[in-house]
Amino acid sequence: MSLLSDAVALRRALHRIPELSFAEHKTSAFLKDVFGAIGMADRLVPVGGTGFTLDIPPRSGRAEATLLLRADMDALPITELTDLPFASTHPGCMHACGHDAHMASLAVAAARLLAEPPERVAVRVLFQPAEEGGGGALACIRDGALDGVDMAFGIHVWNELPLGQIVLTTGGIMAGVVSFSVEVRGQGGHGAIPHLAADPIVAAAEFILAAQTIASRRIAPVEPVVVTVGSVHGGDAFNVIPGVVTLSGTVRAYNAETLDRVEAALRDIAAGIGLASGTQLDLTYTRHARPTVNHAAAVALARQAAERVGGPRLEGYRTMAGEDFGEILHVVPGCFVLIGSGDTSGTKVEPHHSPRFVIDEGVLAIAERMHRAVVAVADGDPAALRARRA
Ligand SMILES: [Zn+2]
Ligand SMILES: [Zn+2]
């Protein structure tokens, strides 16, 4: 019996062999074998290094639109601490975000769509590497994974929500991710003779507190934004003013413009504190994932699909976690859907990226049906897929 008829068995097999971003070699080979076993080997097109696509043409032979369904493939540098019989066999590596579930549910949906293709729309299935490490979506885009695609859908299982809850959110659903670092350079000296030094510790402290006013004073209160300093390093002795302090942190927001405004504010603060304290604050501001912004027309389509799947729907939910599906939605309209995978028995649910992360495997069948429902709804109105960004 093919694993493509059993999402749970497929997910467990993938869970055993987690691999880090752009190193999903066994994972990729395993999936290719599974599709090869149903005669699809020649139709798999490599993209983004370890990723691949599979095109499913419509029954009519003439595609009126093309829909992309995407699953991410990579795992995390975490040592698994679950007692699952199918726990990771790769030391220090774990599927702790549910990407194994994404691959399994999409692979089973793809097999069913191959057996029973839609009438009018073509479906491109994308297995994308390197979501966690970043760069996977862009690598796939560079290799043409979105060429000819009219609309894109992606699913993420989500442990913070009860099993089966389907999230439909127009606009930003996952945040854009920025990392920043600041090197505060002063003039080292004696702790008892501060007036002959330029103290980078006091300047760094002022910077950290001033950065907290960006969310409250510089960005509109209706616009969600997070500015977090996650590391501070400087000094070795109680009676010495060091020469340098380094800070790093992250910024999250649902709008690229907000991330730009935070950068400007951080630069203003760095310049002003440097001037006032006689130190120099050099800011590095690095954009990683773009915000994941869902398009209204695609959300409307996903809503109809969710109605077919049944179960509870949740409108407007969003999270400040990041996701590189935002890169795909920057190129083509589409929708990223979260589906609750939390254990409904009431026990404590482990969050994503925890070494004890487990999902309720009931989500696999729901995600698999959601993929096919999106295709079925699109097949009923291919013109809606070509509606421009809303
Ligand atoms: Zn993750
Ligand atoms: Zn993830």
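**Notes on the predicted model: a buried serine, two zincs and some salt bridges**

1. Let's start with serine 341, which lies in strand E16. Keep in mind that this is a predicted model. With a relative accessibility of 0%, serine 341 counts as buried. Its side chain has a polar partner, the side chain of asparagine 159, at 2.7 Å.

2. What else does serine 341 touch, once neighbours within four places in sequence are left aside? The list has Val157, Trp158, Asn159, Leu161, Pro162 and Leu163 on it, along with Ile359, Asp360 and Val363. So asparagine 159 turns up both in that contact list and as the polar partner of the serine side chain.

3. On to the metals. The zinc ion (ligand 1) takes its protein donors from Cys97 (SG), Glu132 (OE, listed twice) and His353 (NE2), at 2.0 to 2.8 Å. Along the chain, the spacing of these donors reads C-x34-E-x220-H. Cysteine 97 sits in the loop between strand E3 (65-72) and helix H3 (99-115), while histidine 353 is in the loop between strand E16 (334-342) and helix H9 (362-380); this pair links distant parts of the chain, 256 residues apart.

4. Why is the arrangement around the zinc ion (ligand 1) irregular? The 4 donor atoms subtend angles of 51 to 147°, and four donors count as tetrahedral only if all angles lie between 85 and 135 degrees. Bear in mind that water is not among the atoms, so sites may look incomplete.

5. The zinc ion (ligand 2) has Cys97 (SG), His99 (NE2) and His156 (NE2) as its protein donors, lying 2.1 to 2.4 Å away. Here the spacing along the chain is C-x1-H-x56-H. Which residue coordinates both zinc ions? That would be cysteine 97, and the two ions are 3.1 Å apart.

6. How accessible are the zinc ligands? Cysteine 97 counts as buried at 6% relative accessibility. Histidine 99 is buried too, with a relative accessible area of 0%. Histidine 353, by contrast, comes out at 38% and counts as partly exposed.

7. Now the charged pairs. Side chains of opposite charge can pair when their charged atoms come close. How many salt bridges does a search of the whole structure find? The search returns 19.

8. One of these joins the side chains of glutamate 361 and arginine 12, at 2.7 Å from N to O. Glutamate 361 is in the loop between E16 and H9 and arginine 12 is in helix H1 (residues 7-16), so this bridge ties together parts that are 349 residues apart in sequence. Glutamate 361 counts as buried at 18% relative accessibility, whereas arginine 12, at 32%, counts as partly exposed. Both residues also belong to a salt-bridge network that links Arg11, Arg12, Asp100 and Glu361.

9. Another bridge pairs arginine 218 with aspartate 268, with 2.9 Å between the closest N and O atoms. This one links helix H5 (residues 200-218), home of arginine 218, to helix H6 (residues 256-277), where aspartate 268 sits; the two residues are 50 residues apart. Buried or partly exposed: which label fits arginine 218? At 43% relative accessibility, arginine 218 counts as partly exposed. Aspartate 268, at 45%, gets the label partly exposed as well.

10. Glutamate 327 and arginine 290 form a further salt bridge, their closest N and O atoms being 3.0 Å apart. Glutamate 327 belongs to helix H8 (residues 325-331), and arginine 290 to the loop between strand E12 (280-287) and strand E13 (292-294), so the pair ties together parts 37 residues apart in sequence. Glutamate 327 is buried, at 7% relative accessibility, but arginine 290 is partly exposed, at 34%.

11. Last, the aromatics. The structure holds 4 aromatic pairs. Which residues form one aromatic cluster? Phe35, Phe52 and Phe127 do.

Definitions and conventions. Residues are numbered from 1 along each chain as its sequence is written. Chains are lettered from A and ligands numbered from 1 in the order in which they are written. This is a predicted model: local features need pLDDT of at least 70, side-chain atom pairs count only at pLDDT 80 or more; totals for chains, interfaces and linings use all residues. Side-chain values use heavy atoms; hydrogens and water are left out. Donors are N, O and S atoms within 2.8 Å of the metal (3.2 Å for Na, K and Ca); water is not among the atoms, so sites may look incomplete. Four donors count as tetrahedral if all angles lie between 85 and 135 degrees; four count as square planar and six as octahedral if opposite donors are over 155 degrees apart and all others between 65 and 115; anything else is irregular. Helices (H or I, at least four residues) and strands (E, at least two) are DSSP runs, numbered from the N terminus. Buried means under 20% relative accessible area, exposed over 50%, partly exposed in between (1.4 Å probe, protein chains only). Rings of Phe, Tyr and Trp (its six-membered ring) pair if their centres lie within 6.5 Å; planes under 30 degrees apart count as stacked, over 60 as edge-to-face and the rest as tilted. A polar contact is a pair of N or O atoms within 3.5 Å; within protein, one must be able to donate a hydrogen and the other to accept it, and residues adjacent in sequence count only if both atoms are side-chain atoms. Contact means heavy atoms within 4.5 Å. A salt bridge is a side-chain nitrogen of Lys or Arg within 4 Å of a carboxyl oxygen of Asp or Glu.
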